[in-house]
Each structure stands twice: as structure tokens, then as C-alpha cells.
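Reader: I've got some questions about the labels used for this one. Can we go through them together?

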Amino acid sequence: MRPLTDDETKALFEKLTKYIGENVKLLIDRPDGLYCFRLHRERIYYISEKNMKLACHIERKHLLSFGTCFGKFSKNNTFKLHITALEFIAPYAKHKIWLKPSAEQQFLYGHNIMKTGLSRLSENTLKYQGVIVYSMNDIPLGFGVAAKSAVETRAADPLSIIVFHQADIGEYIRNEEHIA
């Protein structure tokens, strides 16, 4: 477990900024204490400084994980955000999309979102902007990347893709062995 390098921090913050904008600073300076990001076995964990100090007393080879896994670096050093970060990024989301109940299951199986499954969309959503996907009951289901802007979506064909799937809560079941 070690602090992130400048390049790793930049990659993490760029990815988080795509979804929550300047609210990234709210993840670190929270009213309930200081939180930090640490790298362990190519994964980035989000943990309170108090718990991080406790985890430092465990040998690296015996430490499996700590805190919440936010994502992982791939072999070519690109950062991939994991679904386990959804609980922390959803409250700060800048761009949101709500699905019809009929489209929720398709999204939870890893499919892209088509206009027919769209219920609502944040007005200021831009093309290729990160969006958090919600059910009609305001339950965060996952996140993705907008394939079309909010303006383009209104004029789009009903079968056109509106959001490219990135991650969903169904991954807990589908990819259970790879998440932690």
C-alpha cells in the first residue's frame, strides 16, 4: 500500500472529474474526517486516514484489500473505474439519466441504453460526458458515457444508443471474483 504518484493521481482525478466535476475535492475533505486514495496491487482504494494508519500495521503480502476499491490500472496504465465507487460518486453526479423500468434489466445485463429506455436526462449533458444511471426510484444503477448530448437526444431515432455502458450493479453477480 502506497500513496499515488503524480501520474496516477492525475489519471484518477481525470476519470472522477468526468463524472462528478469539481466535486472531487469533496471526496477528500469530508466533514467526517480526512480521506485518501492508496494504491495496492494495481487497485486504488478510498479509505479514511484513521483506518489507513491501522492497515499500515499489516504486512503487504497479508493485506488483501482495505477501504473501498475505486478502480484499477490496466497493463497500459489507464485507469478503469469500478462499480464499487458508485456509492461515493452518485451523490455528487453532475449528469444523470433515469431509465424506464422496462430498460433497467437490459442495462443491468451490461447493455447500452437506447432512447426507448430513457425516461429523463439532465439538461446540460454533453456528448461523451460521464453520466450516472438511475432507476425511476432514484436508485443508482451504474454509470456510463453519453453517446449523444441532451439536445441531440431529443431529435434522435428511438433505437439509437444514448449512453454507452461502463459499469452497473449487476457486475457484483456477473464478475464477483474480479471486483475485489
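**Labels and cut-offs**

Author: Sure, and keep in mind that this is a predicted model. Let's start with R2, which counts as partly exposed because its relative accessibility is 30%, between the cut-offs of 20% and 50%.

Reader: Why is E8 called buried?

Author: E8 has 13% relative accessibility, and buried means under 20%, so E8 counts as buried.

Reader: What makes E8 and R2 a salt bridge?

Author: Their closest N and O atoms are 2.8 Å apart. The cut-off is within 4 Å, so the pair qualifies.

Reader: How do you know that K94 and E22 form a salt bridge?

Author: By the same kind of check: the closest N and O atoms of K94 and E22 are 2.9 Å apart, and the limit is 4 Å. This pair links distant parts of the chain, with K94 in the loop between α4 and β7 and E22 in the loop between α1 and α2, 72 residues apart. K94 has a relative accessible area of 34%, so it is partly exposed.

Reader: And E123, why is that one called exposed?

Author: E123 is at 60% relative accessibility and exposed means over 50%, so the label fits. E123 also meets R154 in a salt bridge, 2.4 Å from N to O. R154 sits in helix α6, 31 residues from E123.

Reader: What makes the radius of gyration agree with a compact globule?

Author: With 180 residues, a compact globule would come out near 16 Å, and the protein has 17 Å, so the two agree.

Terms used
Residues are numbered from 1 along each chain as its sequence is written. This is a predicted model: local features need pLDDT of at least 70, side-chain atom pairs count only at pLDDT 80 or more; totals for chains, interfaces and linings use all residues. Side-chain values use heavy atoms; hydrogens and water are left out. The radius of gyration is taken over C-alpha atoms; the globule rule is 2.2 Å times the number of residues to the power 0.38. A salt bridge is a side-chain nitrogen of Lys or Arg within 4 Å of a carboxyl oxygen of Asp or Glu. Buried means under 20% relative accessible area, exposed over 50%, partly exposed in between (1.4 Å probe, protein chains only). Helices (H or I, at least four residues) and strands (E, at least two) are DSSP runs, numbered from the N terminus.
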